[in-house]
Amino acid sequence: MEREQRRKVRAVRPLGVPAVLGAGAGVVAWLAPGGLGEAGAVEVTGGVSASAYRSVTGALADAPSWTGTVLEVATEGTLVILGVLLLRVWWTAVRRKDARVAAGAVLTGLGTVAAYALSEAVKLVVDEERPCRALGAGADALAACPGVGDWSFPSNHATLAAGLAAGLAVLRPRLGVITLPLAGAAALLRVLVGVHYPHDVLAGAALGGAVVAAVLLALLPLARRAASRLGGPRWNDPRLVGHDSGGRPGCRRPASPGWNSRGP
């Protein structure tokens, strides 16, 4: 039964990688305001996304001056928390000699960096002006508006947060109840402070999640085997490696046919 499941996973994996990347690219392309082949910056002044932006920033128009600083710190805080969680998951996996999770944590970090680089490349293609500059009066940002040439689409923060959150959720599904809401909060905060449209953060989240998921799907088996070889024979051997009652890694002797057997 286990061998059959592994064969099914191996059969699906080659198709899964382009499917995931294609889905992410499709969402980004659908949300993009244009810009390819056009001279000058793209300014989004109408539509659902601009209206939602105006509603959100308008609701915070009378907030105290320090609100923007607090929200910006909170935005960075979500990324710090996600990064710390990834490091903890990696370190715990190393202590427990879990090659799959240890290798997956490294791939999640690398995939997130790759997604960030890709988001920067998309920014240079789309050239979307920041909403705090394009919408003018009545759409003042709580945070300082980034300088000219610091494009808006897609959101780098949303890309990073979604990439880390998705990788952690794949490696430790129970963490998804923490990491995914954190990624959502990071994206929402970028709109609240007034430096991104809603479609910017949605595109960033789709990009980050798709790239990290594709990296894990494509490279995790190879990375797991490499980690097992580097770690030694005890890594991922259920006959030798276990955990004591305190959660620390321990050793078990291989079971033999004579153990726990009843006499005649």
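Follow the chain from its start and you read off the pattern α-α-α-α-α-α-α-α-β-β. In total that gives 8 helices and 2 strands. Keep in mind as you look around that this is a predicted model. The chain has 264 residues, and 41% of them count as buried. If you take the contacts with a separation of 6 or more, residues 24 or more positions apart account for 77% of them.

Let's begin with helix H1, which covers residues 2-31 and includes Leu 15. Is Leu 15 buried or exposed? Leu 15 has a relative accessible area of 64%, and anything over 50% is called exposed, so Leu 15 is exposed. Now find Ala 218, which is 203 residues away from Leu 15 along the chain. In space, the C-alpha atoms of Leu 15 and Ala 218 are separated by 9.9 Å.

Next, let's see how helices pack. Two packed helices are described by the angle between their axes and the distance between the axes. Take helix H3 (residues 67-95) and helix H7 (residues 176-192): their axes come within 9 Å and cross at roughly 155°. Angles over 145 degrees count as roughly antiparallel, so that is the label for H3 and H7. The crossing of H3 past H7 is left-handed. On the H3 side, the residues making this contact are Leu 71, Ala 74, Thr 75, Thr 78, Ile 81, Leu 82 and Leu 85. H7 contributes Ile 178, Thr 179, Leu 182, Ala 186, Leu 189, Arg 190 and Leu 192. Sorted by class, the contact of H3 with H7 has 10 nonpolar, 3 polar and 1 charged residues.

Stay with Thr 75 for a moment, a residue of helix H3. Its relative accessible area is 0%, and buried means under 20%, so Thr 75 is buried. Which residues does Thr 75 touch, leaving aside its neighbours within four places in sequence? Thr 75 is in contact with His 157, Ala 186, Leu 189 and Arg 190. Among these, Ala 186, Leu 189 and Arg 190 are part of the H7 side of the contact with H3.

Moving on from H3, you reach the loop between H3 and helix H4 (99-126), where Lys 97 lies. Most residues other than glycine have a negative phi, and most peptide bonds are trans. Lys 97 has a positive phi, near 55°. With 27% relative accessibility, Lys 97 counts as partly exposed. On the other side of H4, in the loop between H4 and H5, sits Asp 127. The phi of Asp 127 is also positive, near 55°. Asp 127 has a relative accessible area of 17%, so Asp 127 is buried.

Helix H4 itself packs with helix H6. Their axes are 9 Å apart and the angle is about 160°. H4 is therefore roughly antiparallel to H6. H4 passes H6 in a right-handed crossing. The residues of H4 that meet H6 include Arg 100, Gly 104, Ala 105, Thr 108, Thr 112 and Tyr 116. Among their partners in H6 are Asn 156, Leu 160, Gly 163, Leu 164 and Gly 167. By class, the contact of H4 with H6 has 8 nonpolar, 8 polar and 3 charged residues.

Between H4 and H6 in the sequence there is a covalent link to find. How many disulfides does the whole structure have? A search finds 1 disulfide. The disulfide joins Cys 132 to Cys 145, with an S to S distance of 2.0 Å. The torsion about this S-S bond is about 75°, so the disulfide is right-handed. Cys 132 lies in helix H5 (residues 131-134) and Cys 145 in the loop between H5 and helix H6 (156-171), so the link ties together parts that are 13 residues apart in sequence. Cys 132 counts as buried, at 15% relative accessibility. Cys 145, by contrast, is partly exposed, with a relative accessible area of 31%.

The loop between H5 and H6 also holds Pro 154. What form does the peptide bond from Phe 153 to Pro 154 take? This peptide bond is cis, with omega near -5°.

How values were computed. Residues numbered from 1 in each chain as written. Predicted model: local features only at pLDDT ≥ 70, side-chain atom pairs only at ≥ 80, totals over all residues. Heavy atoms only, no water. Axes fitted to C-alpha atoms, helices over the stretch in contact; angles between N-to-C directions. Helix = DSSP H or I, 4+ residues; strand = E, 2+ residues; numbered from the N terminus. Parallel < 35°, antiparallel > 145°, perpendicular 65-115°, else oblique. Left-handed = near helix turned anticlockwise from the far one by under 90°. Contact = heavy atoms within 4.5 Å. Nonpolar A, V, L, I, M, F, W, Y, C, P; charged D, E, K, R; others polar. Disulfide = S-S within 2.5 Å. Buried < 20%, exposed > 50% of the residue type's maximum accessible area, 1.4 Å probe, protein only.
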